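Open the model in your viewer and keep the selection panel at hand. The tour moves from one pair of helices to the chains they belong to.

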Amino acid sequence: MTKGFLPYIAKRLVGAIPTLLILATFVFFLLRFAPGGPFDGDRVFPKDVQAAIDARYGLNLPVWQQYLKWLSDVVLHFDFGESFHYVGRTVNEMISSSLPPSLLLGGLAMFFSVLIGIPLGVFAAWRQGTWMDSSAIFLAIAGVSLPSYLIASTLVLVFSLKFGWFPPALWEEPSSVVLPVITLGLRPLAITARLVRSSVIETLASDYIRTAHAKGLSVRAVLFRHALRNSLIPVVTVLGPLAASLVTGSFLVEMVFQIPGLGKHFVSAVLNRDYPMVMGVTLVYGVILIASNLAVDIACAMLDPRIRLEATEN
Amino acid sequence: MKKNFLQKFTKHRMAMASLIFLAVISVGATFAPTFTRQSYEVQNIDEKLETPNAQHWMGTDTLGRDLYSRIVYGARMSLAVGVLTALLSLSVGTLVGAVAGYRGGKTDSFLMRVVDLFYIFPSLLIAILLTVFFGRGFFGILVALSLTSWVTHARLVRNLVLQAKEMLYVESARALGVRSAAILFRHILPNIMGPIIVSLTFQIPTSIMSESFLSFIGLGLEPPYSSWGTLANEGFRAMKSFPHLILFPGTVLFVTLIAFNALGDGFRDVLDPVGKRDFGA
């Protein structure tokens with residue numbers, strides 16, 4: 001079985017190349033034809049200064065030539081160019097310094113949501129139909145209905161401004177991780193809990209669970225050892241979309257908490273029309289999403305031998 | 001069938017309460033001038049940054065505008081974006097999904113390629129870029145959010161059509177010589193309407209939330225127009241000294257989103273009990 005994975009992974013990775021190329025092309029032209037430019041400030045430059053700036057950043061070339069140049073730099077030299085906004089800094093170095101905080105934030109939020117979401121869902125399923133179940137359902141609905149800036153502002157108002165337990169922003173000491181992770185993780189937590197609940201309820205109705213109960217196994221053993229394992233597949237399949245929602249959620253969370261991550265850079269780069277930076281971050285996000293979808297498909301195949309990966313079949 | 005639906009639905013207390021709540025705010029938004037004492041754009045510098053009082057139930061903002069009026073008028077924008085985006089993306093998604101599922105073959109694989117491509121794109125990221133491209137404003141936001149949300153519906157409808165195609169009623173229609181288009185639109189679509197409505201209901205809060213995100217990062221409507229997201233953004237900046245500026249718009253938005261999600265839950269239990277249509281997934 002492990003033998004089958006490698007060709008499958010290779011095939012998927014090759015398939016990702018055209019996807020990324022289309023994403024890059026689409027975003028490149030969308031940006032160039034969007035109104036506004038990188039150097040449209042309040043100041044109006046004299047014509048020759050403007051021409052010099054354009055020449056310096058290659059903006060005087062036709063758009064398709066700019067595109068080809070950008071593409072060949074990326075493909076041949078893995079060079080994403082120079083930031084238009086932060087003079088003298090390359091996109092490569094900005095991404096490599098802002099990727100770690102974003103990955104840490106996203107990873108911890110994922111961990112937090114699964115760690116609490118799964119037990120909560122199992123618990124709700126076990127107590128199905130009781131008030132405890134309904135409160136868990138309500139919590140899940142509330143969790144997806146809370147915009148992250150509202151979670152953030154409530155947490156900051158209470159835990160940093162009133163009690164002073166955690167710093168209200170920035171990414172400096174270990175304790176500054178807490179509030180952003182909760183903010184980002186709450187929505188995936190709610191989604192996970194809900195899915196685990198409905199999935200476990202379905203599993204609990206099956207014959208082998210009745211057998212396990214009849215054998216006299218403890219409730220905990222039945223729930224966590226027997227029911228949960230078979231209920232995990234639908235949960236794993238949403239981890240892909242969950243990773244995506246963590247990525248999109250990170251824009252706001254990073255902005256609100258002033259975390260120097262990819263999301264914050266992306267938003268300011270779009271607003272400043274910092275073309276090379278936008279392109280760089282877009283591609284990094286694309287790679288993260290493709291990789292997490294691939295990881296999910298592999299995890300599903302490992303959890304359930306009945307699921308076959310496409311490439312292993314022939 | 002209809003009676004059955006009503007009976008089941010009215011038993012769902014949370015969904016009923018949500019429906020009533022949503023009806024109330026929709027009426028409030030539509031007839032905003034009747035329900036507010038002053039218009040949303042009236043500035044009164046002498047009364048700026050007041051905390052809630054008898055004159056201004058929810059206080060005033062940095063320019064002395066009545067926060068309650070701004071929230072009532074903001075509902076127009078937020079609700080309109082939510083409902084219109086959901087309708088637009090659902091129509092496109094349904095059309096693409098239905099044609100792909102029913103025609104099959106090359107049409108299907110081509111359309112699904114496109115769908116998969118959109119599916120892998122980080123949607124809010126693309127929405128941000130599209131808003132920049134189409135310009136800030138109602139139309140730009142509407143197009144940006146619709147273009148990034150139709151794929152989920154296309155996938156759903158395609159699967160539903162694929163299942164329905166195997167059903168006896170479709171086979172008999174075909175045997176009777178009914179044209180393909182008529183089978184698809186007059187027979188199959190009405191039969192899979194339940195899950196589509198559920199999906200529509202869950203799309204509305206998702207769109208409202210996305211719009212509020214766009215507004216929050218500064219890509220929303222130009223002042224003095226505002227949505228709940230714009231208000232939350234303004235409130236967030238003044239949060240430390242004047243928490244009421246974010247708590248009121250935020251709470252209204254939160255409760256509205258809960259109501260839409262609970263309504264979707266109710267619809268799902270009644271219209272699509274076997275399906276697993278869900279928010280977030």
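**First stop: two helices that cross**

In this predicted model, select α5 of chain A and helix α12 of chain B, residues 244–271: their axes come within 8 Å and cross at roughly 125°. Angles of 65 to 115 degrees count as roughly perpendicular and those over 145 as roughly antiparallel, so α5(A) is oblique to α12(B). The crossing of α5(A) with α12(B) is right-handed.

Now show side chains. On α5(A), pick A:I141, A:A142, A:V144 and A:S145; the residues they meet on α12(B) are B:F254, B:L257, B:I258, B:N261, B:A262 and B:D265. Sorted by type, the residues of this contact are 7 nonpolar, 2 polar and 1 charged.

**Second stop: the whole contact between the chains**

Widen the selection to the contact of chains A and B, which takes 41 residues from chain A and 38 from chain B. On the side of chain A, the elements that give two or more residues include α1 (2–33), α5 (131–145), α7 (178–204) and α9 (219–256). Which element gives the most to this side of chain A? Select α9(A), which gives 8 residues. Colour this side of chain A by residue type to see 33 nonpolar, 7 polar and 1 charged.

**Last stop: chain B alone**

Hide chain A. Chain B has 12 helices and 0 strands. Of its 281 residues, 47% are buried. Among contacts in chain B with a separation of 6 or more, 67% are between residues 24 or more positions apart.

Methods:
Residues numbered from 1 in each chain as written. Chains lettered and ligands numbered in written order. Predicted model: local features only at pLDDT ≥ 70, side-chain atom pairs only at ≥ 80, totals over all residues. Helix = DSSP H or I, 4+ residues; strand = E, 2+ residues; numbered from the N terminus. Buried ≥ 20, exposed ≤ 12 C-beta atoms within 10 Å, placed from the backbone. Contact = placed C-beta atoms within 7 Å. Nonpolar A, V, L, I, M, F, W, Y, C, P; charged D, E, K, R; others polar. Axes fitted to C-alpha atoms, helices over the stretch in contact; angles between N-to-C directions. Parallel < 35°, antiparallel > 145°, perpendicular 65-115°, else oblique. Left-handed = near helix turned anticlockwise from the far one by under 90°.
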